[in-house]
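Visitor: I am new to this structure and would like to be walked through it step by step. Could you show it to me, please?

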Amino acid sequence: MIWSAAAPRKRAAPHPMSHEDPPSTTRRRTPETTGYAKGDLVRQRILGVAMDVFGEAGFKAATTRRIADAAGVQLPAIQYYFQNKEGLYLACAQEIVQGYRHHMGPSATHALATLEGTPDRSATRAALRDLMEALMNLLVGTNDTRHWAAFIARETNDKGPAYEILYENVWAPGADLTARLIARLRGEKKTSPLSRVQALLLISSAMVLQTSDGVSRRILNWSTIGDEERQTLMAALTAQIAAIEHTET
């Protein structure tokens, strides 16, 4: 099920480790902090920094020493929590997947239930709008995506070991569900190439403000995105959905 609480469906193929990373069979060392709460905070801090560094430098160029220094931890902490650089990189991808599932789960579950029920254009339209609103709120209304943006952009432009995790658990199921809703809305018996293209364009419209350089916000003259800006975005997305519904094949 799309963005469900289940474990990711596919793990990326092993990627050669850098020379600085210890083998995965190396015994884990004691973490530099004790206690579950402190340990979890350290792990999350490393993940947040790692996403920024990997997003900026890419998998090959980034080093665990740079990440450890930026996170304010010793190298053994990365070994303890993630084993090596590849483990840390894949953990970043898993963190993004879990974030999508947490934020998108309710609307995605509702959309699937709508598709399994009796065809109803009004219900389908509402489910598609709710799905896009959840995606838009995730991308522009949470701090998590600030760390994700550069990492995802790097992974899409320069495929690394996390590409398949993101594709199989975020990009492909999200596009598929959106296309199925569009196909139902347009009265198609099965998803057409046109509905899949429209799904990608609609998702891209929701994602346009997640650019790391802020080009879109500058064009719109938005220093921040609050309730008023989100309402404007949803009005535009709703208009796109209405246009999609009446597109001729």
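Visitor: Which residues make the nonpolar surface patch of about 280 Å²?

Guide: This is a predicted model, in which local features need pLDDT of at least 70 and side-chain atom pairs count only at pLDDT 80 or more, while totals for chains, interfaces and linings use all residues. Residues are numbered from 1 along each chain as its sequence is written, and side-chain values use heavy atoms, with hydrogens and water left out. A patch is made of residues with over 30% relative accessible area and no salt bridge, like charges being joined within 9 Å and nonpolar side chains (Val, Leu, Ile, Met, Phe, Trp, Tyr) within 5 Å, with areas taken from the Shrake-Rupley method with a 1.4 Å probe and only the protein chains shown counting as cover for residues. The nonpolar patch asked about is formed by Val215, Ile219 and Leu220.

Visitor: Is Ile219 buried or exposed?

Guide: Buried means under 20% relative accessible area, exposed means over 50%, and partly exposed lies in between (1.4 Å probe, protein chains only). Ile219 has its place in helix H9, where helices (H or I, at least four residues) and strands (E, at least two) are DSSP runs numbered from the N terminus. Because its relative accessible area is 69%, Ile219 is exposed.

Visitor: How many helices and strands are there in the chain?

Guide: From the N terminus on, the elements run α-α-α-α-α-α-α-α-α-α. Of the 249 residues of the chain, 44% count as buried. The count of elements is ten helices and zero strands.

Visitor: What is the phi of Asn221 near, in degrees?

Guide: Asn221 is found in the loop between helix H9 (215–220) and H10, and it counts as exposed because its relative accessibility is 68%. Most residues other than glycine have a negative phi. Asn221 is a residue other than glycine with a positive phi, near 60 degrees.

Visitor: Where does Gln83 lie?

Guide: Gln83 also has a positive phi in a residue other than glycine, with a value near 75 degrees. At 29% relative accessibility, Gln83 counts as partly exposed. Its place is the loop between helix H3 (75–82) and helix H4 (85–116).

Visitor: Which residues does the UniProt annotation "DNA-binding region" cover?

Guide: The annotation comes from an unreviewed UniProt entry; UniProt positions are given in the numbering used here, feature names are shortened, and annotations may be inferred rather than shown by experiment. In the model, the span is 80% helix and 0% strand, and its end C-alpha atoms lie 14 Å apart. The record assigns the annotation to residues 63–82.

Visitor: How many salt bridges does a search of the whole structure find?

Guide: Side chains of opposite charge can pair when their charged atoms come close. Here a salt bridge is a side-chain nitrogen of Lys or Arg within 4 Å of a carboxyl oxygen of Asp or Glu. The search of the whole structure finds seven.

Visitor: With which residue does Arg129 form a salt bridge?

Guide: An α-helix has 3.6 residues a turn, so residues three or four places apart point the same way. Arg129 and its partner both lie in helix H5 (residues 121–141), four residues apart, about one turn of the helix. The closest N and O atoms of the pair are 3.3 Å apart, and the partner of Arg129 is Glu133.

Visitor: How many residues apart are Asp176 and Arg196?

Guide: The side chains of Asp176 and Arg196 meet in a salt bridge at 3.6 Å, N to O. This pair links distant parts of the chain, with Asp176 in helix H7 (residues 163–185) and Arg196 in helix H8 (residues 193–207), and the separation is 20 residues.

Visitor: Which residues of H8 are buried?

Guide: The face of H8 turned away from its buried side carries the exposed residues Pro193, Leu200 and Leu201. The buried residues in H8 are Ser195, Gln198, Ala199, Leu202, Ile203 and Ala206.

Visitor: What arc do they cover around the axis?

Guide: The arc is that of the directions from the helix axis to the C-beta atoms. The buried residues are on the same side of H8 because their arc is only 135 degrees.
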